[in-house]
Amino acid sequence: VKLTSTAFGVAILLVLALCRYMGSFYLESSRAFSKHCGMIFQSPFHEELTKETGQGNNSPYNSLMALEWTRVPKIIRATSSTAEEDKRMAILSGSTGFIGSLLLRNLLLNRKTLSLDGGVVLLVRSKKGVSSHERVKRILSNSMFDFLSATDKESLVHVVEADVTLPNCGMESSLILSIRERNISHVFHCAAAVSFSQPLEEAALSNITSSLQMQLLTKSLRNGDAKFVHVSTAFVHGGETGTKDAPLPESLYSLDPYDPVEIYKSMLATQSYASAAMKDLRFPNTYTFSKCVCEHLLQREQHVDTIIIRPSIVGPAACEPFEGWSGERPSTVVAAACLYLKFPYIMWSFGKEKVPFIPVDVVCRYIISQSFQENCSDDTVDTDEEKKEARIPSTNENESNCLQIIKTVSWDVASPDSSSFSWISYAFAIVHLGAVCGHVNRVIAYAGLLVSAKIFPKLNLSLESFRRIHSILKVPINGFLDLCDRLPLKPKSAGNLKSLSPLFDLPLLFFPFSNQNFHFKSDLVAPDNFDGERYMFSCVVAAHRFIQKYEKRLKSHKSNLRKYANESFSSNVGPALNRHSCSLVIAGDKHSKPTSDLLWACTQPKGNLFIRFGGWLLAKLFRMTAAEIEIDIASFTSLARQISASNPDSVIIAPTHRSYYDFLIISYICFVLPELGIDIPHIAAASEFSNLPFLGWIAASMNAFFIKRDEKKRDLRLREKLSCILSKKQKPSFLEVFVEGKRSRNRSFVKPKTGFLRCVSELGDNPHLVLPITINYEALPDQSSLISEASGNRRENMSLSKLCCWMYRVFCGEVNIGRVYISASKAFEMTPHDSNKVDKISQTILSRQQERIVVSGYHIRAASCALGVSESEVVDSLGHLNCTLWPSLDTRTLHPPINESSQDFLWSCLMHFGHVFAPFLESTHKAWVTILFPAGSQSHSATNNVKEVNIIVSKIAH
């Protein structure tokens with residue numbers, strides 16, 4: 001027992017030391033989550049936020065599709081025919097895959113521009129008992145094909161059962177004769193086995209034989225000018241990676257002294273010759289090796305115009321059909337993120353090398369641009385001289401010259417650095433999202449990142465040394481599977497682990513790409529506005545969605561993500577296609593509880609001992625008093641971008657002030673979600689807190705400093721305290737202040753105090769950012785005392801005894817505040833040394849706080865009881881006034897009880913949103929307007945005469 005206790009204690013100390021060492025490194029290595037988490041979470045104030053950012057519902061990369069090599073060329077045909085056999089068509093293999101399905105969409109969407117009036121012939125094989133027609137039907141049922149009617153799908157998509165690895169592509173004689181007689185202009189070959197660990201024979205069949213069969217099919221077509229377009233890979237240069245001065249060229253990579261024909265024969269037979277060639281030429285896997293051999297064999301054919309397209313690592317779409325589209329199954333870079341999210345304990349090796357990626361929609365547009373160059377009116381066509389240069393001269397007079405083009409689809413070496421991202425940044429973005437969304441435990445993430453991002457890169461491992469380390473790390477997994485195989489009753493987990501076992505080799509297979517920089521020569525230069533960091537995060541989001549689908553099927557994961565599927569927002573493809581209105585539950589009774597609150601608090605990446613202890617206490621306190629504490633996480637995304645752009649001296653967090661819970665909640669958010677990039681703030685607390693025995697000292701240890709609020713006198717020590725905070729090296733400094741001063745007694749907005757803002761404005765050289773935050777409560781934890789004070793009773797000062805009495809009520813289950821919803825407005829700048837604008841700034845804070853008020857069913861029922869109207873009338877009036885309702889479905893079971901017999905109680909709930917009615921009372925009840933809307937009603941105007949609104953206003957007035 002003693003030995004066990006000692007081992008347990010040592011383990012705890014090691015965990016705490018790991019968290020201490022890795023915490024700051026974990027947070028400082030990437031800010032992608034804080035800048036771009038709006039790609040996952042969508043605020044109920046989405047329309048307002050998109051107006052502020054100027055992005056709307058569209059991807060910020062729409063200019064990508066207007067580049068010279070991504071524009072769709074307009075084909076001009078001399079004549080057109082209505083006969084079916086003369087209608088121009090294309091053949092496509094691999095249409096159920098990642099690139100193939102999007103290429104199919106592009107061909108059909110642009111069929112008139114490309115003059116493909118006959119549609120597309122799809123060569124598809126049956127798979128796992130699913131027929132070729134059924135597989136295509138599933139693809140076409142995707143919303144990205146909604147532009148096609150049912151009739152269009154029947155007339156334009158021609159499905160043919162085929163196996164491209166067989167002679168005549170596995171088609172019957174009559175069928176292949178029928179296809180040959182069609183007017184086929186292009187044959188696109190996208191089908192391939194993208195597996196890095198295939199045996200040589202299988203790689204030869206999947207990637208070489210199939211390509212040769214498709215080229216033969218092109219050669220046999222009636223249209224002798226048909227082009228064969230083959231999708232290869234950019235990594236066909238053996239062990240070469242290129243340099244900035246000498247990038248990898250768009251030409252065949254020499255296999256000397258080996259003969260490509262003999263290599264192909266060897267791959268299908270003894271494999272010894274092929275294995276020697278693969279090793280000597282330093283190809284990392286059979287996939288890239290087979291693609292290189294295939295290119296050599298394809299270019300031996302002199303009677304078919306052949307275009308070889310070499311994409312680098314193909315990632316999710318940047319624009320089309322929508323940002324982040326990644327197909328039906330995770331592939332390449334997204335698959336790596338999926339594995340890392342699901343199994344973060346698997347060891348990778350991530351360095352600072354750049355990820356050689358290219359968006360899939362850019363790949364498909366480039367394929368179309370290169371393939372449809374003849375007879376087009378677009379200025380992207382090559383000149384006659386360039387076309388002649390592309391033709392390989394024949395060595396035989398009886399042979400005709402043909403067009404042989406090799407094109408790399410990757411960002412050229414001339415692309416700006418901001419258009420790329422590193423593997424290490426990608427790893428941290430994955431972990432940040434995984435930690436927030438509940439996929440990854442931070443302790444495991446710290447350990448994985450320590451090895452993957454710190455130890456392995458310093459060791460400068462070779463592929464062979466990493467392979468040995470990887471095999472050692474797989475011993476426990478293989479041992480567990482071997483043990484389960486010997487058992488008569490195998491556990492279910494063993495079956496799942498065995499099916500996923502091949503994925504565990506992904507780190508090994510990715511090693512050659514994640515530990516080297518690749519430099520390519522290409523037509524594609526990334527535009528200056530292409531944000532590589534944002535694109536990187538879209539890859540992580542794609543992986544997150546695949547993991548969610550997987551866990552939904554298993555029904556085994558309890559998430560703190562709060563989704564409201566009935567409140568879908570439109571996208572550029574269809575409603576609710578890739579986003580949901582979503583918040584994050586960070587505390588409360590309905591929050592998914594960690595194994596240990598104390599261990600969780602100790603393993604957070606930042607915070608001193610007192611802050612961690614406070615976090616532990618608050619987790620328990622919120623669980624006992626609140627149903628849910630939700631954060632509108634998307635509303636915080638603009639802050640990180642503004643900090644990066646303006647380099648402020650400080651960020652002033654300005655929340656509403658309705659309860660003593662306010663400063664606890666804000667600090668708790670910063671502690672729970674450090675990935676937002678908001679440090680735990682220095683809180684400007686009222687001086688009465690400092691008089692509390694012991695608690696005042698603890699508050700000061702948790703970043704609180706105390707100020708005297710007096711309307712007549714200015715706190716002379718405030719400037720000194722702020723100067724000390726702002727003088728720290730770490731920028732920006734985070735401050736928290738309640739501009740309303742003391743708590744509102746009736747939930748209405750209070751006239752703001754300006755002393756603190758005026759003092760901050762006199763300090764620093766750079767601008768200060770002000771972040772207004774609205775904390776929406778259903779019920780207040782100290783509501784009874786506030787109602788008593790609002791009724792005219794003497795205000796009772798805070799004391800330790802009263803706090804103990806309140807805590808006793810908490811332990812007895814008598815405090816229930818229901819749900820809390822926190823939303824931030826867009827931060828704005830406060831210019832230093834310009835105190836003349838402080839009054840206007842304080843009014844702006846209150847106005848923006850009012851804009852983030854949300855109304856729940858709890859408030860609506862209280863207002864209904866207070867005014868004697870129906871709940872539907874309250875809802876209708878709020879709808880006419882554009883007041884935002886609490887973003888949730890019917891959750892009445894979460895609501896705290898309502899004291900319908902107390903008018904003071906009911907009116908205090910109504911005052912939560914009473915400011916929206918202030919403009920209607922301005923002419924008749926000025927005193928009411930001052931209470932409801934101290935920020936001034938001049939910025940709000942009453943809507944036209946609306947019956948539902950007039951009913952509520954008349955009830956309030958009387």
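**Exercise 1. State how much surface the chain exposes and what share carbon and sulfur atoms supply.**

Solution. The chain of this predicted model exposes about 41,500 Å², an area obtained by the Shrake-Rupley method with a 1.4 Å probe. Carbon and sulfur atoms supply 53% of that area. Residues are numbered from 1 along each chain as its sequence is written, and side-chain values use heavy atoms, with hydrogens and water left out. In this predicted model, local features need pLDDT of at least 70 and side-chain atom pairs count only at pLDDT 80 or more, whereas totals for chains, interfaces and linings use all residues.

**Exercise 2. Determine what percentage of the residues in the chain is buried, and whether His-230 is buried or exposed.**

Solution. Step 1: buried means under 20% relative accessible area, exposed over 50%, and partly exposed in between (1.4 Å probe, protein chains only). Step 2: of the 958 residues in the chain, 56% are buried. Step 3: His-230 sits in strand β6 (residues 227-231), a strand being a DSSP run of E with at least two residues. Its relative accessibility is 0%, so His-230 counts as buried. Step 4: leaving aside residues up to four places away in sequence, His-230 touches, among others, His-189, Lys-291, Cys-294 and Ile-308; contact means heavy atoms within 4.5 Å.

**Exercise 3. Describe how helix α17 packs against helix α20.**

Solution. Step 1: helices are DSSP runs of H or I with at least four residues, numbered from the N terminus. Helix α17 covers residues 463-473 and helix α20 residues 506-514. Step 2: their axes are 10 Å apart, at an angle of about 165°; axes are lines fitted to C-alpha atoms over the stretch in contact, and angles run from 0 to 180 degrees between N-to-C directions. Step 3: α17 is therefore roughly antiparallel to α20 (angles over 145 degrees). Step 4: Leu-463, Phe-466, Arg-467 and His-470 of α17 meet Pro-507, Leu-508, Phe-511 and Pro-512 of α20. These residues divide into six nonpolar, one polar and one charged; Ala, Val, Leu, Ile, Met, Phe, Trp, Tyr, Cys and Pro count as nonpolar, Asp, Glu, Lys and Arg as charged, and the others as polar.

**Exercise 4. Give the orientation of helix α9 to helix α10.**

Solution. Step 1: α9 (residues 260-268) and α10 (residues 272-280) pack at about 120°, with axes 6 Å apart. Step 2: α9 is therefore oblique to α10, a term for angles that are neither under 35, over 145 nor 65 to 115 degrees. Step 3: the residues of this contact comprise five nonpolar, two polar and one charged.
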